[in-house]
Amino acid sequence: MTNEKEPTLTREGFRDDILHHLKYTVGKDRHHASVYDWRLALSYALRDRIVEPWFASTKATWDNDYKRVYYLSMEYLIGRILEDAAINLGLKGLAAAALLDLGQDFDVIALDEPDAALGNGGLGRLAACYMESMATLGCPGYGYGVRYEHGLFRQRFEMGQQAETPEDWLSQRHPWEFERPESNYTVRFKGHMEERHGKTVWVPGETVIATAYDTPIVGWEGRWSNTLRLWGAKPTTLFDLERFNRGDYAAAAAPETLARTITRVLYPDDTTYAGKELRLKQEYFLTSASIKDILRRYLESHDDITELDKHIAIQMNDTHPALAGPELIRLLVDRHDLPFEQALEISQNVLGYTNHTLLPEALERWSTWLMGSVLPRHMQIIEKIDAAHLKANPARPASIGIVRNHEVHMGELAFVMANRVNGVSALHTELVKSQLFPALDKLHPGRVINVTNGVTPRRWLKLANPGLADLVTETIGEGWEADLDRLEELVPHIEDNGFREAFMAVKRANKAEAAHWMKVKCGIEVDPDAMFDVQVKRIHEYKRQLMNVFETIAQWHEIKKNPEGDFVPRVKIFGGKSAPGYAVAKEIIHLINDVAEVVNNDPDMRGRLKVIYPPNYNVTMAERLIPAADLSEQISTAGKEASGTGNMKLSLNGALSIGTLDGANVEIRERVGAENFFLFGMTAQEVIERRKNVNHAREAIEASQALKDVLQLIAEGRFSPNQRDRYHGLVHRAWNSDYFLVTSDFTDYQRAQAEVDAAFLDPDRWARMAALNTAKMGFFSSDRSIRGYMENIWGARSAL
Ligand code: 26W
């Protein structure tokens, strides 16, 4: 699929392309163009280069009737696109040179781009990595999502507390997408059912139009390109002119209001499920438009709808698009006149379901009342699916079932409708089988399989860490970007002093750059030779940022008690957002900022301890911080983090991990070796046992003077001098409930942190361990994950 027309592209040619777009697409004279104008012109010039491989990929798929894979996700956490596209097209150098001729700086222009933040955290970022890997592997695929007008909120700190402001990425022109006003579908809601001529007919009460916006996703070396199709909403009737003329302006605009509301904003709830009607509408909006589009495309080149399952696969990214099952059945039965049983079977053959969480509060359930009122036809179909499943499995225990206690359980629905269900790490998959769906797993042995998550090395090494990427290329040659197992070839070089020095010199340079950025961003000076200790991820109790803060306080206290002592200098770096309504997580943010205030202004700390928490952590900030990290904090309560993907990115960039046996940490440790991973804490099984002791927190605190002191210092108001009782609730909960076992794991965490210090004091040992982390991360390429999906779930083949 290589593109044969391109080799003639020259610096002058590309310069002319940019100038052409600046003049004719952006409408600006080069002498009056702003950075924004140049960015648009450059983006259009790059986008032009994707169009050829994009068309060629589409044509090859049609011509060869390749099996198509459809990835349905409510979230895509993409970040910036420009540099990623330039790198994958192999045009970054040429673009930079062409811009130089025009008096422009590629880096300055790239920095101008806002993040596309259509996701919350891990699940959304995974979808973005998977889209890129599918394109790299030549897997004929389409991503489907929602074109939110406002992505994830922007985070600010006001007096140390998180405040949210709307994100506004579409207030600027978005040069990467193609609007497709001709591709649209009517999506219905509400209304009632009628029997007409022996057929059940859904008479909707509300309708909106889903309209497509396509972004081409180009893979490594531009060999293949897929489409990310995001749905925007439009009113079915623009305007009620009669009402408007009567002066009833609000009612006249009602259809438009409904449409705009649906795609207005991404729900910022990560792992808590709220049961809101608008969210259900968003989920159905994505699902219905996508399934209709999938059937339309299929029928353009096939006439037998019963053969559908031979030609397509649909992946549900968690349960958010789990209405795909009922919707596909509805269309096959109501529009294509298939009997229910056959429609059910075809749908099951087509669908796969990825589970991303075991947390009970994150599992979607909709009241039958809400489901029945928003989607009356689907409620009927869901009940039929449930009945058919019971009929086929008479041994099914009463404790399971899709519809139970007047609620639709979306996890069960997705499980029953899918031919493969997968967890996202080896440990998580075992827990999906044993804890989440034990009865369904027994009824359907072999349905649940594992596909351990991965990350794209193009963005997370090549783009984010060009220094390390260049060193890797110098050392093992080219080609590792699409064959990450080759990083293993670094292993023999780790014995070489020169290589280790070069490796650590890259890390030092990245840290110096990050230090400069922190100075500008937070006004705090940090020493690039101190250990950069990084915990970046959503703020959640189970991720235990609180344990990290407690340890920070213990360290501060230790230095206070012994101001002349020797301490390994550390910079504690936090990054992450809390869901706006998650009070406990917001309190943790407040505490981190309060502790930072005290620590950073304490002369006794003298560069031995700093706490940095830059606001608004996002993909772009991750690209800055991850290459500068020495230590990666992966300290969730065992059994709670499904996989983690930041853990993989940090290791890939040469950070050592301190972590629990949770999620993919288990597999990372297996690969880097136990001696190169700072393990601590209880196992998932021990966590369950420990909770049976109702006094677990009290006993753990009583056994540790350090922890008792930490809680006492917080309770006294040492970090909140103008409101001394600010953290009384937090301290009370640590003593009395502590569901996530921060106190029980604290002492072992401190022990592991002391080992980290000892290792850091031996720079040569540290260098070996760090380099080994990079060398052993090949397995965690999202290319490996996507190959797993293609082989074991989708039955899809590469077109390359
Ligand atoms: C409906 C509310 C809601 C929203 C999002 C519930 C649950 C979610 C996601 C499932 C949360 C999520 O992002 N899970 C993360 O998925 C990553 C990719 O598989 C994993 O690496 C993380 O461990 C997991 O927390």
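The expected span of a helix is 1.5 Å times one less than its number of residues. Helices (H or I, at least four residues) and strands (E, at least two) are DSSP runs, numbered from the N terminus. With that in hand, take helix H22, residues 545-561: its 17 residues should span 24 Å, and its end C-alpha atoms are indeed 24 Å apart. H22 is also mostly covered, with 14 of its 17 residues buried; buried means under 20% relative accessible area, exposed over 50% and partly exposed in between (1.4 Å probe, protein chains only).

A word on the model itself: it is predicted, so local features need pLDDT of at least 70 and side-chain atom pairs count only at pLDDT 80 or more, while totals for chains, interfaces and linings use all residues. Residues are numbered from 1 along each chain as its sequence is written, and side-chain values use heavy atoms, with hydrogens and water left out.

**Domains and the spaces between them**

The protein is divided into domain 1 (1-64 + 85-114), domain 2 (65-79 + 115-453 + 785-794) and domain 3 (525-780), with bounds from an automatic or database domain assignment. Taken over C-alpha atoms, the centres of domain 1 and domain 3 are 42 Å apart.

Two kinds of space were sought on a 1 Å grid over the protein atoms alone: a cavity is a set of points where a 1.4 Å probe fits but cannot get out, and a pocket is an open set with protein on both sides within 12 Å along at least five of seven lines; lining residues have an atom within 4 Å of a point. Grid points are joined across faces, edges and corners, and a volume is the space filled by probe spheres set on the points.

The largest pocket has a volume of about 710 Å³. It is lined by 30 residues, with Glu83, Leu463, Ala464, Glu513 and Arg624 closest to its centre. Helix H21 (497-522) is among the elements that give two or more residues to this lining, and H21 supplies the largest share, 7 residues. Domain 1 and domain 3 both contribute to the lining, so the largest pocket lies between them.

There are 6 cavities of 30 Å³ or more. The second largest cavity has a volume of about 240 Å³, and its 18 lining residues include Ile78, Ile81, Asp84, Ile217 and Arg459, which lie nearest its centre. Because domain 1 and domain 2 both give residues to its lining, the second largest cavity lies between these two domains.

**Some buried residues**

Contact here means heavy atoms within 4.5 Å, and neighbours within four places in sequence are left aside.

| Residue | Element | Relative accessible area |
|---|---|---|
| Gly659 | strand S23 (656-659) | 0% |
| His696 | helix H28 (696-702) | 6% |
| Asp318 | loop between S12 (312-317) and H12 (324-335) | 6% |
| Asp738 | loop between H30 (728-736) and H31 (742-760) | 10% |

Gly659 is in contact with Gln634, Asn665, Phe677, Phe678, Leu679 and Phe680. Of these partners, Leu679 is 20 residues away in sequence and 5.3 Å away in space, C-alpha to C-alpha. His696 has contacts that include Arg690, Arg691 and Asp738.

Most residues other than glycine have a negative phi. Asp738, however, has a positive phi near 50°, and Asp318 has a positive phi of about 65°.
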